[in-house]
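Colleague: Take me through one part of this model closely, please, and start with the loose ends before you get to the core of it. I'd like the cut-offs too.

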Amino acid sequence: MWPRVNGLRSMELGTPGPVRAELNALALAGRKTATTGLLAEYAEEAEGLEYPGERLALLDDDGELVGVIEITGVEVRPFAEVTWEHARAEGEGDASLEEWRTGHRGYWERLGTRVEDGTPVVCLAFRLVGAS
């Protein structure tokens, strides 16, 4: 189960350390307005999918609130069907969809999950509604 902060489910982008700090900074600057997760992680954590209009607490490495985001879109699709529009909205500087796919496959594989073209992923779109 994900931590709750002020009654909100939480969002912890990336992994603790420099990756999370960078992703949070991008979100707080309004440059990151999307993220992608593995559908299997929702089952592992006994969590339902986010829904449009839901607000989430954006957390740092210490579990401290750094901002609040509002979900504006949710799509479950195979990894190979993630669009360039979504990948670009992640704001991480990828120059192409192929670069995004390579980076995300590598990230999840370093965490121990092999991602195939058919692996279901959750594509979230969001907007920043408050910063701490």
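**The sheet, its loops and the helix packed on it**

Modeller: At 64% relative accessibility, Ala46 counts as exposed (exposed is over 50% relative accessible area, buried under 20%, partly exposed in between, with a 1.4 Å probe and protein chains only). Before I go on, the ground rules: this is a predicted model, where local features need pLDDT of at least 70 and side-chain atom pairs count only at pLDDT 80 or more, while totals for chains, interfaces and linings use all residues. Residues are numbered from 1 along each chain as its sequence is written, and side-chain values use heavy atoms, with hydrogens and water left out.

Back to Ala46, then. Ala46 sits in the loop between α2 and β4 (helices, H or I with at least four residues, and strands, E with at least two, are DSSP runs numbered from the N terminus). Its backbone is worth a look as well: Ala46 has a positive phi of about 55 degrees, although it is not a glycine. Asn6 is another non-glycine residue with a positive phi, near 50 degrees in its case. Asn6 belongs to the loop between β1 and β2, and with a relative accessible area of 68% it counts as exposed.

Both loops lead into strands, so to speak, and that brings us to the sheet. Six strands make up an open sheet, ordered β1-β2-β4-β5-β6-β3, with mixed pairing (two strands pair if DSSP finds at least two bridges between them). The edges belong to β1 (4-5) and β3; each has a single partner strand, so one side of each is left without a neighbour in the sheet.

Now walk across it. Which strand does β2 pair with in the parallel sense? That's β4, over three bridges. If you want a place to put your cursor, try Met11, whose bridge partner in β4 is Leu58. Further along, β5 (residues 65-78) meets β6 in the antiparallel sense, and eleven bridges hold that pairing in the assignment. Ile69 is a handy marker for this pair: its bridge partner in β6 is Leu128. From β6 (residues 120-131), five bridges lead on to β3 (residues 34-38), and those two strands also run antiparallel. There you'll find Leu38 opposite Val121 of β6.

While you're in β5, stop at Glu70, which has its place in that strand. Is this glutamate buried or exposed? At 14% relative accessibility, Glu70 counts as buried. Leaving out neighbours within four places in sequence, Glu70 is in contact with Gly53, Glu54 and Arg55, and also with Ala125, Phe126, Arg127 and Val129 (contact means heavy atoms within 4.5 Å). So there's a charged residue under the burial cut-off, if you go by that 14%, and Arg55 and Arg127 are among its contacts.

Next, the helix. In α1, the buried residues are Arg20, Leu23, Asn24, Leu26 and Ala27. They span an arc of only 160 degrees around the axis, which puts them on the same side of α1 (the arc is that of the directions from the helix axis to the C-beta atoms). What covers these buried residues includes β4 (55-59), β5 and β6, so you can connect the helix straight back to the strands we just walked across.

Zoom in on Leu23, which is in helix α1. Leu23 is buried, with a relative accessible area of 10%. What does Leu23 contact, once neighbours within four places in sequence are set aside? Leu13, Gly14, Lys32 and Glu92. There's also a long-range approach to check: Leu23 and Gly91 lie 68 residues apart along the chain, yet their C-alpha atoms are separated by 8.6 Å.

And where α1 stops, Gly30 follows, with a positive phi near 80 degrees. If you'd like a short tour to click through, go from Ala46 in the loop between α2 and β4, to Glu70 in β5, to Leu23 in α1, and finish at Gly30, which follows that helix.
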